[in-house]
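Okay, thanks for squeezing me in. Let me put the model up, and then I'll walk you through the parts I looked at.

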Amino acid sequence: MDGSVARRFLLGLAPWAGAVLLWYGVRWSGFVNPSLIPAPHRVAAKFVELLLHEGLLFDVYASTRRVFLGVVLGILVAVPVGFLLGWYRSARTFADPMINFFRALPPIALIPLVIVYFGVDEAAKLVILFYASFFAGVIVMYEGVSQITPLYIRVAQTLGAGEFEIFRKVIIPLTVPHILTALRVALGVAWATLVASELIAAQRGLGALIQNASTYFLLDVIYVGIICIGCVALIMDMILRRISARLLVWQERAVG
Amino acid sequence: MNIANSIHRAQFDRVSLEFKTPKGRLRVVEDVSYEINDGDFIAVIGPSGCGKTTMMSMLAGFQKPTTGKVLFDGQPVKGPGPERGVIFQEYGVFPWLTVKENIAFGLKLKANHVPLAERDQICEHYLMLMGLADFANSYPKHLSGGMRQRLAIARAYAVKPQFLLMDEPFGALDAQTRANMQNLLLKVLAAEGKTVMLITHSVEEAIYLSSRIVVVTARPARIKQIIDVPFGYPRDETLQERPEFGELRSHIRELVMSEYRAQQAQLRPASFSE
């Protein structure tokens, strides 16, 4: 067992080591102006500097908090809406075009309007993240729910289950996997939208850090910001996958 | 219950059912009448896709007849209920529950009021009977097809329905498992005395298990013939070697095959009434 754990760890590490090597390789190959690619060790040094003296952790916290709240609020609304659309086919044909209309709008394009209606405070950023999470989540939910087979509901009915029992004991367990998938998709989309949301006069946050660094052409800071976004997103996804694996042990193909 | 004697357990009274399709009305069941009495084991046999399952579905309460009446205990069937246990062709074992939780599902429902103390005992009984005891805490993903089938049967039996509706329950099983399941069914019926409506396309299965066979035509399903099976219970596999069994089998097989040929002929021209 120990050997296999160590091997899995090394296998997981290998692509990262490869990416760092490639990074050095590109820098030293001479094809690209080295001043445009800060060396990995310089980025690492910058990371430590920002961490110790510039409050990088606070940026991480501010962004994570925004993403977390945006996703939680977005999914809280997406779950019932997606459920109803998936459950009632007629509602779906009626709402489908509208959802696809709004889903196609890039959040960045909405920023001017969001500033007009919600100002430049925290609420405005949350609105953008909420928007992105909601539409990502609602699609996953309704696609998933519309594929629930009526068989299990019929079985429960023939065993004597009432409406409420069917909802609690059959529909909820069948919906949980779709809620978890919706959360994962929304989390990915929300991180992707974060920088856009922090375009709105954000003082702190990883998106703001990147925006400000670009004004002064601080490439190493931009790299630190990007890597931090990737890392936090990865950690959140891993936590979610753990939860999924725990909740969905019964699935044919376990998640994670 | 004073007029119980004059009321059949279940009754199809001039039942027809039509589906609306884009091409027009599709008649699936046409003018079907027969009764099922307490203790009967009715097998419904006919070519696949003829509307047998639809017939059962109406008695289970999932579909309403277009004309005619489907009665249970003298009352029109309004919806599904625990007094009519259904074993579905696709099993419908709940994948998110363990084997034991699947069996306990019906016992925990309000409609069945099974006292807490009895639930465990009933679960254990059916786990043993169906040979699932070693898998009590496994999820269905770890079970073979035959075991899932047994689980579906155990779950239906556990709420003790007086009436069982079985839709080709052994259709997907290999010959050996199928024979075992049939014998097990006969054993349970002998012990618990239930009324059964079995949908099947196997002539041998119909004769071996049932007391009366309803042969239905190709779509729309009409009654071709109702045949009393002249063998008493208990039955065992030696029955299948008796000459009377063979004669009855040839007779029914001929009926079913003629309908099968009719169905094949039907497939070329459109089978819609309008």
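So, which residues have the most contacts inside the largest nonpolar core? Before I get to that, some housekeeping. This is a predicted model, so local features need pLDDT of at least 70 and side-chain atom pairs count only at pLDDT 80 or more, while totals for chains, interfaces and linings use all residues. Residues are numbered from 1 along each chain as its sequence is written, and chains are lettered from A and ligands numbered from 1 in the order in which they are written.

Right, the core. By nonpolar core I mean a set of buried Ala, Val, Leu, Ile, Met, Phe, Trp, Tyr and Cys residues joined through C-beta atoms within 7 Å. Buried is 20 or more other C-beta atoms within 10 Å of a residue's own, exposed is 12 or fewer, and partly exposed is in between, with C-beta atoms placed from the backbone. The largest core has 80 residues, and I42(B), V44(B), L59(B), A154(B) and M197(B) have the most contacts inside it. Helix α4 of chain B, residues 145-158, gives the most to this core, with seven residues. Helices here are DSSP runs of H or I with at least four residues, strands are runs of E with at least two, and both are numbered from the N terminus. Apart from that core lies another one, of 48 residues, with I179(A), A186(A), L206(A) and V224(A) among them.

Back to I42(B) for a second. Skipping neighbours within four places in sequence, I42(B) is in contact with residues including I36(B), V196(B), M197(B) and V214(B); contact means C-beta atoms, placed from the backbone, within 7 Å.

Now the backbone oddities, which are in chain B loops. There's a cis peptide bond between R219(B) and P220(B), omega about -5 degrees, and P220(B) sits in the loop between β9 and β10. Another cis bond joins Y233(B) and P234(B), again with omega about -5 degrees, and P234(B) is in the loop between β10 and α7 of chain B.

Then there's positive phi in non-glycine residues: D73(B) is near 50 degrees and Y91(B) is near 70 degrees. Are those two buried or exposed? D73(B) counts as partly exposed because it has 16 C-beta neighbours inside 10 Å, whereas Y91(B) is buried, with 21 other C-beta atoms within 10 Å.

Last thing, the interface: 15 residues of chain A are in contact with 23 of chain B. On the chain A side, α7(A) gives the most, with six residues.

Methods:
Contact = placed C-beta atoms within 7 Å.
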